[in-house]
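Q: Could you walk me through this one? I'd like to go over the sheets, then the helix packing, then a few loop residues.

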Amino acid sequence: VADMRMYQVTGSKLALAKAEAAVRWLGTVPGLGSGACPAADYQWPYGHRGYLKTLETSSNYIKAALLLYQATGKASYLTGAQAQYAQVRRFFLARSVPLYTAYLFDNGSSCKALPGRYFASVNGNMIWAGQALARATGQAVYLREAIGTARAVQAHLSDATGVFADLQADNDIVGPLVEAMYALATTYHRSFALGWLTANASAAGADVNSLGEFGRFFDGPPPTSLATAWQTDGGIALAEAAAAVYPLGRPADPQFWAHATFVTDAQGLAGKNLAGKMVRISFTGRAIAIMGTIGAQCCLAGHARIFIDGVQTFNRTGIWQGYSSPARRQADQILFAWRWPVAGPHVITIEPASYDSEEGGTFFQMTGYRLVR
């Protein structure tokens, strides 16, 4: 994908050749397309490291193949993209809503999706793919599916003010989702996508740190310590997209989080025998950001469910605090952020999570929270 973007910008034949070589290489790696559902590639050959198949793999292949088809006109790229798109909808698409979960476990005898892991990256890639396939094939069903997923993102993966809540750990990127929404807003003139872009850009642009860095949560405060590329790319993409459609636009509520107060509250969930245990935060206000250390324990294990006023977040990732993309402890990080249109009484509850081989067992540890009253 990166090579194809380089080719589009520069016309470099070397970049195009590298992109084609990369796609050819994927077909030579033994054990990727194996298991009980071989149409979906393992993240590691033969299911090493937990039998994981991830939509990050398939959705990026689709994107690369479609970009190559656009550049070369070779039918094999389009055919490959269509085949992968079909298997993605078979194995990764949720049954109740048109959103894609990111994880599929294939132990060699059965394939089972881990529900509710609605990464911004993979859902953005699939929205983009639907639009690109519709243009390439003339089949309107692809566009309808893309619009359905985009509307589901807006309806189910936002906080109470309509701002996207990126619940994933420090290993998801929001740039592909911004790209997909921008295409829907500009190419297909979908007003809901334009509204999504402007609402999120307004929230994210309201609070950046002294280096101009955006936070992972568009509705949260700016980074105060280490900010990784994984965390900041979404805000950068939003700024570019919003500037393209509204060059003179400005955040509706500048420095929203400058009015926040910090409440020290060291609570956590860890270990065994956690049945009935929970962390409960009661407050009155219009926004909260729970703070703690990402990568507090090495290196993957540790997630928890989160409930807002008694209702679990639609994205079942909750808080996955154990994962750190640079494989180091990242102190003073935002673990969760949420806003409401007006101030009121609210309760945030953190509860134990079920074990799975990718996210591990239950772990949650907070130092306190920032509160806008």
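A: Two strands are taken as a pair here if DSSP finds at least two bridges between them. Keep in mind as we go that this is a predicted model.

Q: OK, so how many bridges join β2 to β3, and which way do they run?

A: Strand β2, residues 103-106, is joined to β3 by four bridges, and the two strands run antiparallel. Among the bridge partners, Leu104 is matched with Ala113 of β3, while Phe105 has Lys112 of β3 as its partner.

Q: What about the hairpin of those two, which residue there takes a positive phi?

A: That is Gly108, whose phi is near 100°, in a hairpin that has four residues between strands β2 and β3.

Q: And the sheet they belong to, what is its strand order?

A: The order is β1-β2-β3, in an open sheet of three strands with antiparallel pairing. The edges are taken by β1 (52-54) and β3 (111-114), and because each has a single partner strand, one side of each is left without a neighbour in the sheet. On average, neighbouring strands of this sheet are turned by 30° against each other, if direction is ignored.

Q: Let's move on to β10. Is that strand mostly covered or mostly open?

A: Strand β10, residues 363-372, is mostly covered, with eight of its ten residues buried.

Q: Which strands pair with β10, and over how many bridges?

A: Strand β4 (residues 261-270) pairs with β10 in the antiparallel sense over eight bridges, and strand β5 (residues 279-294) is joined to β10 by six bridges, again running antiparallel. For a position to look at in each pairing, Thr264 has Gly368 in β10 as its bridge partner, and Ala287 stands opposite Val372 in β10.

Q: Switching to helices: at what angle do α5 and α7 pack?

A: Helix α5 (residues 120-137) and helix α7 (residues 175-186) pack at about 30°, and their axes are 7 Å apart. Angles under 35 degrees count as roughly parallel, and α5 and α7 are therefore roughly parallel to each other. The crossing in which α5 passes α7 is left-handed.

Q: Which residues meet there?

A: From α5 there are Ala120, Ser121, Gly124, Asn125, Ile127, Trp128 and Gln131, and they meet Pro176, Leu177, Glu179, Ala180, Ala183 and Leu184 of α7. By type, the residues of this contact between α5 and α7 divide into eight nonpolar, four polar and one charged.

Q: Now loops. Where is Ala327, and what is its phi?

A: Ala327 is in the loop between β8 (319-320) and β9 (330-351), and its phi is near 55°, which is a positive value in a residue other than glycine.

Q: Buried or exposed?

A: Ala327 is exposed, since its relative accessible area is 66% and the cut-off for exposed is over 50%.

Q: What about Tyr46, where is it and what is its phi?

A: Tyr46 lies in the loop between α2 (13-26) and β1, and this residue, which is not a glycine, takes a positive phi near 60°.

Q: Last one, Ala252: which loop is it in, and how far is it from Thr198?

A: Ala252 has its place in the loop between α9 (229-245) and β4, where it counts as exposed because its relative accessibility is 72%. In sequence, Ala252 and Thr198 are 54 residues apart, and their C-alpha atoms are 9.9 Å apart in space.

Note on methods:
Residues are numbered from 1 along each chain as its sequence is written. This is a predicted model: local features need pLDDT of at least 70, side-chain atom pairs count only at pLDDT 80 or more; totals for chains, interfaces and linings use all residues. Side-chain values use heavy atoms; hydrogens and water are left out. Axes are lines fitted to C-alpha atoms, for helices over the stretch in contact, and angles run from 0 to 180 degrees between N-to-C directions. Angles under 35 degrees count as roughly parallel, over 145 as roughly antiparallel, 65 to 115 as roughly perpendicular and the rest as oblique. A crossing is left-handed if the near helix is turned anticlockwise from the far one by less than a right angle, and right-handed if clockwise. Contact means heavy atoms within 4.5 Å. Ala, Val, Leu, Ile, Met, Phe, Trp, Tyr, Cys and Pro count as nonpolar, Asp, Glu, Lys and Arg as charged, and the others, Gly among them, as polar. Buried means under 20% relative accessible area, exposed over 50%, partly exposed in between (1.4 Å probe, protein chains only).
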